[in-house]
Amino acid sequence: MEKTMAEEEPLLKEEDRNKKGGFRTLPFIIGNESVEKMATYGVMPNMTLYLIKEYHMEITTASNVLFMWSSATNFMPLVAALLADSFFGRFYTIGFGSIICFMGMILLWSTTIIPQAKPPPCSNNPICTSVAIPQLVLLCTSFVLISIGAGGIRSSSLAFGADQLENGEFKRKSNLKESYFTWYYASYTLSVLIALTCVVYIQDNVGWGVGFLVPALLMLIGVGSFFLASPFYVKLKCRSSLFTGLVQVVVASFNNRSLELSDGTSNCTWHCTSGSSLDCPSEKLRFLNKACVVRDPETDLTPDGRPKNPWRLCTVDQVEELKSTIKILPIWSTGMIMSINISQTSFPIIQASSMNRQITSNFTIPSASFNTITVISVILWIFLYDRIFLPLASRVTRRPFRISPKTRMGIGIFFSILAMIATSAVEGVRRSRHARSGGSQMSAMWLVPQYCLTGFAEASNVIAQNEFYFLEFPRSMSSVALTMNGIGMSLANLIASFLMNFVDWISKKGGKESWISSDINKGRYDYYYLVLAGLSVANMIYFLVCSSAYGPLKGEKKLEEEQGEVL
């Protein structure tokens, strides 16, 4: 039987394999990624303040560094997934990633204890010394190692855990995987909350040295626990990558560009995967159909029906997979634009730092810990939507009720517009009150609405995006959905960096103070967030156009007939 991609084959015989895997291995896999999340999410929020205070960077420079770091961290899981699928396998990808991430954390911690690793404090010099090139190289090397390591862990942990439930009695229990996914995402949320509260609090109140040592120790625990359970893991062989198959379609179409396609599909011989439901390609994007035309079976195919050169002949399934990806790209790009708003992490921390964060006489909320409001809002939105709204709507309509992924994506974009408007309004009030009262601080509790709206936007849009990808991609491409949001966030960080630099350049023309000044009271962050709000409004219009042009989702009419009303 001919297949587009070879299936994963176990390294172990069936009788040996049944002795491995199972739930006993999952705490080590989930625990390793959980401590990675605690470590990376623990150092990222306060990194803006660390770069400004310890490396004497301007807010724009620090933001650019963090945008690039975040972009690399979101993109590396895609690269690591390709390497895991094609070369190393999931176990070694996670293992190498854990070690590399630990090395990056140690290197970052070293910048806090080695005086020569960063510029001398400004208090000891009349003029602040800017960061030297070797010091910047050391810092960026730690960021690169953390990004590479996190990519290796995040790309394969979820799938590697699922591999452990694919043998023997575990494979026959369908509810085990559902339970596994639930605990996986629960651990993810808990890890982020711990990072944004406990780890950030240590950095603010104990110091950078201990604050960065804790994430390094967490990664050490993760590495040790992961390899400790190595004898019990089910380890599968790597397979050819799906992305390689998509690239092959593009190359094969180009190589066969001189081939003339007749009208209709009956006059051509198509190369089909044995057992596939597709026997001919669709008429959309017809030029890609040239990749699966068999011109001469004797020269194009081997005796067992495989293409002699997969870069000149692909299957109909491969062609349709690429078409599905191209069709989804416009709607995917609307989520990427919304991610620009979510990636604005540096400025809210500066904003919170300039406000009154004191709760009691002995406790002050760390600036970076306000991000926990976003995480809690995501959890609250999921609970309200899934456990209250849907059952109530179904009871009122007297039939199962659901909101389509496209509608929920639009709701998320709308919430992101409100979040940017709220952020601009609060900053405008804060700035004017500071100017009138001569430095009196406004309560940081005024930041809660904007963080809540950001959480609602993320919960509605990002979850709907994942559902949209799983629904629209062919079944063979379900793994692609796990990387689409990460790729979008990666590109969004690059666009956010460009946009911030453009606004900074335009606003300080003629010797004026930049809107994104390091002194928040001299800058106009409220104007900057109005720009983001305007961009979000344009994105909303773009989304409505793309959504209308896309048409109904696959199976949406069938779901409406079988399950009830779809909004």
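Trainee: Which helices each supply at least two residues of the lining of the largest cavity?

Mentor: In this predicted model, helix 2 and helix 8 each do so. The residues that line the largest cavity are Ile-30, Glu-33, Ser-34, Lys-37, Tyr-184, Ser-187, Tyr-188 and Ser-191. The volume of the largest cavity is about 50 Å³.

Trainee: What makes a space a cavity, as opposed to a pocket?

Mentor: In a cavity a 1.4 Å probe fits but cannot get out, whereas a pocket is an open set of points. Across the whole structure, the search finds five cavities of 30 Å³ or more.

Trainee: How is the lining of the largest cavity divided by class?

Mentor: The lining has three nonpolar, three polar and two charged residues. Tyr counts as nonpolar, while Glu and Lys count as charged.

Trainee: Why is helix 2 called roughly antiparallel to helix 6?

Mentor: Helix 2 (residues 26-43) and helix 6 (residues 133-163) pack at an angle of about 150 degrees. Angles over 145 degrees count as roughly antiparallel, and therefore helix 2 is roughly antiparallel to helix 6. Their axes are 10 Å apart, and the crossing is left-handed.

Trainee: Which residues make that contact, and how do they divide by class?

Mentor: Helix 2 contributes Leu-26, Ile-29, Asn-32, Glu-33, Glu-36, Lys-37, Thr-40 and Tyr-41. From helix 6 come Ile-146, Ala-150, Ile-153, Arg-154, Ser-157, Leu-158, Phe-160 and Gly-161. Eight of the contact residues are nonpolar, four are polar and four are charged.

Trainee: What makes helix 2 roughly antiparallel to helix 9?

Mentor: The packing angle between helix 2 and helix 9 (residues 208-228) is about 165 degrees, with the axes 8 Å apart. The cut-off for roughly antiparallel is over 145 degrees, so helix 2 is roughly antiparallel to helix 9. Helix 2 passes helix 9 in a left-handed crossing. Among the helix 2 residues in this contact are Phe-28, Val-35, Met-38 and Val-43, and among those of helix 9 are Phe-212, Pro-215, Met-219 and Phe-226. The contact of helix 2 with helix 9 has 13 nonpolar, three polar and one charged residues.

Trainee: Why is helix 4 called oblique to helix 6?

Mentor: The axes of helix 4 (residues 59-88) and helix 6 cross at roughly 40 degrees and come within 7 Å. Roughly parallel requires an angle under 35 degrees, and roughly perpendicular covers 65 to 115; the value for this pair belongs to neither class, and therefore helix 4 is oblique to helix 6. The crossing of helix 4 and helix 6 is right-handed. In helix 4 the contact includes Val-65, Trp-69, Met-76 and Pro-77, and in helix 6 it includes Phe-143, Ser-147, Gly-151 and Ser-155. By class, 12 residues of the contact are nonpolar, six are polar and one is charged.

Trainee: What is the volume of the second largest pocket, and which residues are closest to its centre?

Mentor: The second largest pocket has a volume of about 280 Å³. Of its 14 lining residues, Leu-49, Lys-53, Ile-350, Ser-353 and Ser-354 are the closest to the centre.

Trainee: Which helix gives the most to the lining of the second largest pocket?

Mentor: Helix 3 does, with three residues. Helix 3 (47-54), helix 8 (175-205) and helix 13 (346-353) each supply at least two residues of that lining. Five residues of the lining are nonpolar, five are polar and four are charged.

How values were computed:
Residues are numbered from 1 along each chain as its sequence is written. This is a predicted model: local features need pLDDT of at least 70, side-chain atom pairs count only at pLDDT 80 or more; totals for chains, interfaces and linings use all residues. Side-chain values use heavy atoms; hydrogens and water are left out. Axes are lines fitted to C-alpha atoms, for helices over the stretch in contact, and angles run from 0 to 180 degrees between N-to-C directions. Helices (H or I, at least four residues) and strands (E, at least two) are DSSP runs, numbered from the N terminus. A crossing is left-handed if the near helix is turned anticlockwise from the far one by less than a right angle, and right-handed if clockwise. Contact means heavy atoms within 4.5 Å. On a 1 Å grid over the protein atoms alone, a cavity is a set of points where a 1.4 Å probe fits but cannot get out, and a pocket is an open set with protein on both sides within 12 Å along at least five of seven lines; lining residues have an atom within 4 Å of a point. Grid points are joined across faces, edges and corners, and a volume is the space filled by probe spheres set on the points.
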